Amino acid sequence: MSTSLSTSGSAPSGQPPIADAGPLALCAREPRVPAERLVAEMVPPPRFDSVRFETYDPDPAQPSQAEAVTVLSGFAAGLGGAHATGTGKRRWFSKKPAAPATGPRGVYLDGGYGVGKTHLLASLWHATPAEPALKAFGTFVELTNLVGALGFQQTVQTLGGHRLLCIDEFELDDPGDTVLVSSLLSRLVEQGVALAATSNTLPGKLGEGRFAAADFLREIQGLSAHFRPLRIDGQDYRHRGLPEAPAPFTDEQVAKAAYGTPGASLDDFPGLLEHLAKVHPSRYGALTDGIAAVCLTDVGPVPDQSTALRLVVLADRLYDREVPVLASGVPFDRLFSEEMLNGGYRKKYFRAISRLTALARDAKPLVSQ
């Protein structure tokens, strides 16, 4: 699958950057992602290609972690008979639906960031006895974007022949998405698709601290009936505090690293935030195609919540692709205001800080000592 990349001041679309042309600029990219790429890329991200249940290291002090491995291993083994007549080819039009499920058709991994939920979810995907084309893995945002690209009915037909749909970071940020995903999952359950999801909050409390509308809460409760909640305990930010972010570098060090690293991008942070507002979040993955490292100057506090939520999506895509991030300005643990860190989206922001901090550590070798 190809992606169109409109750029200025960089190599032509589809061509590698010219060696002496200097670093790329994310702000110069305007990716156009075909719908078929959105479907084909519904697999665990590169960071989780090799994870398995055997590589998960449960904390002995948290028995729920080992229990999760046992439950999920059994869940995967039980999916061997679903849609057993599948050909292994991606289905744009599903065959005759399976008989409606009589109980929960999914598992819901609940726990704070850093306890390995995505590791376990990806391990479940890998362990399920079905060809990759009959399993789908994506974030909640990617799932809603797929519906936007294909339409509701086509999405049901496309995913209805699957054995498993894994949804990472299940977050309901507005009532419209709540109704959309609730309806989609209900239709998929009717067709025999098994579900698995991760989040930082139990299904019945997803809307807590965001919306209080009765209709919204009613949709949440209906959605929670599809899942068996599986709690994964472990230390989170309330107990261990924010991860310590590496000290930023100078503008000169960042620019020198960008020019000296093949495939690196170089942008000023305020400009990048403005550019993200012009690119749909479904394209943030394509925005980073071919980027070996992201170099940012003048990093500062994010000005508002809409901008902050877009930055969270970009951080997720960079983390999935293991793209190091080198920056000048303020440390990443000072990106979000106290009001944001105490609000309804606080877990998203802490996740972004954790991931950007890890990528900043990965970027240290880019700076010449």
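This passage describes the overall fold, the nonpolar cores and one buried threonine of a predicted model. Residues are numbered from 1 along each chain as its sequence is written. In this predicted model, local features need pLDDT of at least 70, side-chain atom pairs count only at pLDDT 80 or more, totals for chains, interfaces and linings use all residues, and side-chain values use heavy atoms, with hydrogens and water left out.

The protein chain contains 14 helices and ten strands, taken as DSSP runs numbered from the N terminus (helices H or I, at least four residues; strands E, at least two). Of its 369 residues, 51% are buried, that is, under 20% relative accessible area with a 1.4 Å probe, protein chains only. Where contacts (heavy atoms within 4.5 Å) link residues at least 6 apart in sequence, 86% of them join residues at least 24 apart.

Turning to the interior, the largest nonpolar core has 40 residues, and Phe 332, Leu 335 and Phe 336 touch the most other members. Such a core is a set of buried Ala, Val, Leu, Ile, Met, Phe, Trp, Tyr and Cys residues joined through side-chain atoms within 4.5 Å. The elements supplying at least two residues each include β9 (293-299), β10 (325-329) and α14 (346-363), while α12 gives the most, with eight. Beyond four places away in sequence, Leu 335 touches residues including Phe 269, Val 299, Leu 311 and Leu 356. Another core, of 26 residues, lies apart and has Ala 68 and Leu 230 among its members.

Thr 261 sits in the loop between α9 (251-260) and β8 (264-268). This threonine counts as buried because its relative accessibility is 15%. A polar atom of the Thr 261 side chain lies 2.7 Å from the backbone oxygen of Ala 257.

Note on methods:
Buried < 20%, exposed > 50% of the residue type's maximum accessible area, 1.4 Å probe, protein only. Polar contact = N/O pair within 3.5 Å; in protein donor to acceptor, adjacent residues only side chain to side chain.
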